[in-house]
Amino acid sequence: MEFDRAGVRALMEITQRPELVFVRGQGSWLEDHSGKRYLDMIQGWAVNSLGHSPLSVVKAMAEQSATLMNPSPAFYNQPSIELAKRIVQNSCFDRVFFANSGAEANEGAIKLARKWGQIHKEGAYKIITFNHSFHGRTLATMSASGKPGWDRLFAPQVEGFPKAELNDLDSVAALIDNSTVAIMLEPVQGEAGVIPATDEFMQGLRELADQHKLLLIVDEVQTGMGRTGTLFAYEHSGIRPDIMTLGKGIGAGVPLAALCAREEVSCFQHGDQGGTYNGNPVMAAAGVAVFDELTSPGFLTAVNARAQQLSEGLEAISAKWGMHGERGTGLLRALMLDQDDGPALVNAARERSPEGLLLNAPRPNLLRFMPALNVTAEEVDLLLAWLDELLTQVRG
Ligand SMILES: *Cc1c(COP(=O)(O)O)cnc(C)c1O
């Protein structure tokens, strides 16, 4: 197939993209319009939790779409009930609202916290978030995010999101006042460069929230659904958050997200929340298939084994090349480069032949790895071998 250079002009330009069109994917592999294959360590930004076109999800969606696509969100449908039950049974949450994107789920979390503040805390509405955090691209979630420069983009912001420093409890405590209703964070900051919140910090936030009657919201859009080696990342610290959002991996590639809350926090009244496609049976059926695979015996054990293999392999590369080590949790990992050649490595990896490699550099001095959770040991070895070879090529 030819690259349709003229056709591309019909798409709104939102970022610089390489001149290639992906036409097919299977597991950890993608194929472009010219037939070239790529080992994919991005997986739609940690979205394709089971790799490209996983059979269980393909089947579930095909069956469901032939049976019932959309009875209307004003009626119940069985797949959404099945998925909500699974989330509730496997977490500390009691109620689930389904959304179509991580940003929309986070908007819902912000609304739910503000509603709770109106009912239980005299209209308190401020939500403490963190510098360098990422919560989405709607106006409120951009305002909640701590990405440098985003406070001026599309100004004025939605107000009420004071920013603290991750892993600095005092910086959070200093921001709490009578109008504070919640603290919201990613258990591992993803876009910031894979920076985990420590267990002590998570526990400290829980205590602080209890002392000041605040809600603790975890944005697990990237870290949830097995990505960090447990079903949800909050489990690592042993705490119970009040609200959690899920996205990305829960749909394994299709638009599905969730807002989860404990019973005492689930205070939406009729008409407060909704949406045309929310909880639609086709996406929910995909979610059920994903959930059943992730919770099948041995699945998370394998995730942790691959995570250890990747971690050790990256550490060895770091030592060999004099880099600054690696970090992360589960299969969300980063290699800290000793120079700003991340973008050059990403390009060289993609242009590698005969087979390419898809990598991501959220910062110039850092590579992020988000393979499919069912990536094989051979594929991780291939990644590590190719990475070493690319370093020789780029650094000479
Ligand atoms: C990707 C991401 C979002 C936004 O999700 P979308 O589906 O792109 O709206 C929100 N929070 C975190 C932590 C994310 O990684």
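In this predicted model, the axes of helix 3 and helix 8 (residues 281-294) come within 8 Å of each other and cross at roughly 35°. The crossing of helix 3 over helix 8 is left-handed. On the helix 3 side the contact is built from P79, S80, E82, L83, R86 and I87, and on the helix 8 side from P281, A284, A285, G287, V288, F291 and D292. Sorted by class, this contact of helix 3 with helix 8 has eight nonpolar residues, two polar ones and three charged ones.

Next up is helix 11, taken first with helix 9. Helix 9 (residues 299-321) and helix 11 pack with their axes 10 Å apart, at an angle of about 20°. Angles under 35 degrees count as roughly parallel, so helix 9 is roughly parallel to helix 11. The two helices cross in the right-handed sense. Helix 9 brings R306, Q309, L310, G313, L314, I317, K320 and W321 to this contact, where they meet A377, V380, D381, L383, L384, L387, D388, L391, T392 and R395 of helix 11. The residues involved split into ten nonpolar, three polar and five charged.

Helix 11 (residues 377-395) also packs against helix 10 (residues 342-351), here at an angle of about 115° and again with the axes 10 Å apart. The range from 65 to 115 degrees counts as roughly perpendicular, so that is how helix 10 sits relative to helix 11. Helix 10, too, passes helix 11 in a right-handed crossing. The residues that meet are A344, L345, A348 and A349 from helix 10 and L390, L391, Q393 and V394 from helix 11. By class that gives seven nonpolar residues, one polar and no charged ones. L391 turns up in the contact of helix 11 with helix 9 and in the contact with helix 10.

Helix 10 leads on to the pockets. The largest pocket has a volume of about 1,400 Å³. Its lining takes in 32 residues, and T15, Q16, R17, P18 and W45 are the ones that lie nearest the centre. Helix 1 (43-46), helix 10 and strand 16 (360-363) each supply at least two residues of this lining, and helix 10 gives the most, with four. In terms of class, the lining of the largest pocket breaks down into 17 nonpolar, seven polar and eight charged residues.

W45 deserves a second look for its backbone. This residue lies in helix 1, and it has a positive phi of about 65° although it is not a glycine. W45 is also one of the residues nearest the centre of the largest pocket.

The second largest pocket comes in at about 1,000 Å³. Lined by 28 residues, this pocket has Y76, R95, V96, F97 and F98 nearest its centre. Helix 3 (78-89), strand 4 (95-99) and strand 12 (257-261) are the elements giving two or more residues to the lining. Helix 3 is thus named both here and in the packing with helix 8. The lining of the second largest pocket divides into 15 nonpolar, eleven polar and two charged residues.

As for enclosed space, there are three cavities of 30 Å³ or more. The largest cavity has a volume of about 40 Å³. Around the largest cavity sit L139, M142, S143, W150, L153, F154, P156 and Q157. By class, six of these lining residues are nonpolar, two are polar and none is charged.

One of the residues lining the largest cavity, P156, also stands out in the backbone. The peptide bond from A155 to P156 is cis, with omega near 0°. P156 is placed in the loop between helix 5 (139-144) and strand 6 (163-164). A further cis peptide bond runs from S353 to P354, with omega near 5°. P354 is found in the loop that joins helix 10 to strand 15 (356-358), which brings the account back to helix 10, a partner of helix 11 in packing and a contributor to the largest pocket.

Methods: Residues are numbered from 1 along each chain as its sequence is written. This is a predicted model: local features need pLDDT of at least 70, side-chain atom pairs count only at pLDDT 80 or more; totals for chains, interfaces and linings use all residues. Side-chain values use heavy atoms; hydrogens and water are left out. Axes are lines fitted to C-alpha atoms, for helices over the stretch in contact, and angles run from 0 to 180 degrees between N-to-C directions. Angles under 35 degrees count as roughly parallel, over 145 as roughly antiparallel, 65 to 115 as roughly perpendicular and the rest as oblique. A crossing is left-handed if the near helix is turned anticlockwise from the far one by less than a right angle, and right-handed if clockwise. Contact means heavy atoms within 4.5 Å. Ala, Val, Leu, Ile, Met, Phe, Trp, Tyr, Cys and Pro count as nonpolar, Asp, Glu, Lys and Arg as charged, and the others, Gly among them, as polar. On a 1 Å grid over the protein atoms alone, a cavity is a set of points where a 1.4 Å probe fits but cannot get out, and a pocket is an open set with protein on both sides within 12 Å along at least five of seven lines; lining residues have an atom within 4 Å of a point. Grid points are joined across faces, edges and corners, and a volume is the space filled by probe spheres set on the points.
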